[in-house]
Amino acid sequence: DLRLLLAEEKRKEEIYKDVAEAQKEDEGVLLSVIIPSKDNPEVLLSCIHSILARTRTAYRYEILVVDNGSSEENKRAIMEKLSALPETAGMKGCRYLYQPMPFNFSKMCNLGAKEAGGNLLLFLNDDMEVIQPDWMSLMLEKARLPYVGGVGAKLLYPDSEVIQHAGITNLRVGPAHKLQFLDDGKVHYYGMNRGVHNMLGATGACLMMRREVFEEAGGFREELAVAFNDVDLCYTIYENGYYNVVRNDVVLYHHESLSRGKDGESEEKQLRLLREKDILYERHQELYGKDPFYHPYLTMDMLESEYS
C-alpha cells in the first residue's frame, strides 16, 4: 500500500531528525569538573589521573582545580604536573585557579563555577578515585533531564565493598549517609544500594548539575564554610521543584577526609559542625526532621543498621 510506505518513510525521516538533533545537542555539552584542593599534590593528581585513565565518554569535559593557598613548593609541583597531563579524547583542558584564602569549600566551589565554561558542573573532592568507565556518561544522562536537579553517586571506602555514601536521609538528628558501613556485596532494603533513586540530597564529594539549576539555587552558601553546604544546596534545589537523584549504579572510591581531616576530631570542629547544622535548619525549617523520600516508620537513629 503506497500510503503505508509513505507513512513509514515519513516516520523514518522523523526518527533521523530526532537522532540528528540529539547528536547536535550532545556536541554542545561541556562538563566542568571543579576540584577544590590545597597542599595535596599527590592526592589531587591521583584523582585527576583516575579521571583521565578510566573515563570513557562521548561528552567533552574540562577540569578546574581551585587552590586556596598551597605552599610555593606544592603550588609549583601542581602547576608542573597539570601542564604535563596527557590529552584524552574527551578532556578539553585543565585550569589551575590559585587564590589564597581561609578554607571555605562553598567559596572555592562558587569560584570554580564562576570561572567554568561548562553548561554542566561537577563538584568533585580531590580524594575521589574513578573506578568505572561510564560513570560520567551515566551521571550526565540524568543531570540533563529538565526535572532533575543534583545527581550523586554511590561512594565506597577505598579498595573495599563497604558503603560510605548511597544518598542522604534527613533524620531528626540531622542529615545522614544512607546505608553507611554496610556491605555493598549484598542487596539492602529491596535494592536501595542498586539502581537509580530520587532522594532529598547527595554528598558534594561527587555532585553534578546543570548550571542553571546551580545558579537558580544561588550556589553554595558561603556562611557554610565546611559542613552541610552540599546538603543545603540539595535542599534548596528540592525546594525549587527539582528532583535530586542518586545513581547507585555509579560507584567511586572516596578516600574520605584525606584532605582536611574529620569533622569530629576536636572540640572546636565539633562546635563548628553544630553551628553549621543550625544554619542549615534555619534556612530549611519545613524540612526539619522530615524527608519526603524516607518512610517515617523507618529508624531515625543514623547508627542503627539492623531491624528493631
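Me: Helices (H or I, at least four residues) and strands (E, at least two) are DSSP runs, numbered from the N terminus. How many of each does the secondary structure of the chain come to?

Reply: The chain has 8 helices and 12 strands. This is a predicted model, in which local features need pLDDT of at least 70 and side-chain atom pairs pLDDT 80 or more, while totals for chains, interfaces and linings use all residues. Residues are numbered from 1 along each chain as its sequence is written, and side-chain values use heavy atoms, without hydrogens and water.

Me: Where does Phe228 lie, and what makes it buried?

Reply: Phe228 is in the loop between helix H6 (211-216) and H7. Its relative accessible area is 14%, and buried means under 20%, exposed over 50%, partly exposed in between (1.4 Å probe, protein chains only). Phe228 is therefore buried. Its phi is near 65°, a positive value in a residue other than glycine.

Me: Why does Phe181 count as exposed?

Reply: Phe181 has 55% relative accessibility, so it counts as exposed. This residue belongs to the loop between E9 and strand E10 (196-199). Although not a glycine, Phe181 has a positive phi of about 75°.

Me: What makes E8 and E9 a pair of strands?

Reply: DSSP must find at least two bridges between two strands. Strand E8 (residues 168-171) and strand E9 (residues 174-177) have 4 bridges, in the antiparallel sense. One of the bridge partners in E9 is His177, which faces Ile168 in the pairing. A hairpin of 2 residues joins E8 to E9.

Me: Why are H7 and H8 called roughly parallel?

Reply: Helix H7 (residues 229-239) and helix H8 (residues 267-283) pack at about 5°, with axes 10 Å apart. Axes are lines fitted to C-alpha atoms over the stretch in contact, with angles from 0 to 180 degrees between N-to-C directions. Under 35 degrees counts as roughly parallel, over 145 as roughly antiparallel, 65 to 115 as roughly perpendicular and the rest as oblique. H7 and H8 are therefore roughly parallel. Contact (heavy atoms within 4.5 Å) is made by Val231, Asp232, Tyr235 and Thr236 of H7 with Leu280, Tyr281 and Arg283 of H8.

Me: How do you know that the length of H2 agrees with its expected span?

Reply: The expected span is 1.5 Å times one less than the number of residues. For the 14 residues of helix H2 (residues 41-54) this should be 20 Å, and the end C-alpha atoms are 20 Å apart, so the two agree. Buried residues in H2 include Leu44, Cys47 and Ile51.
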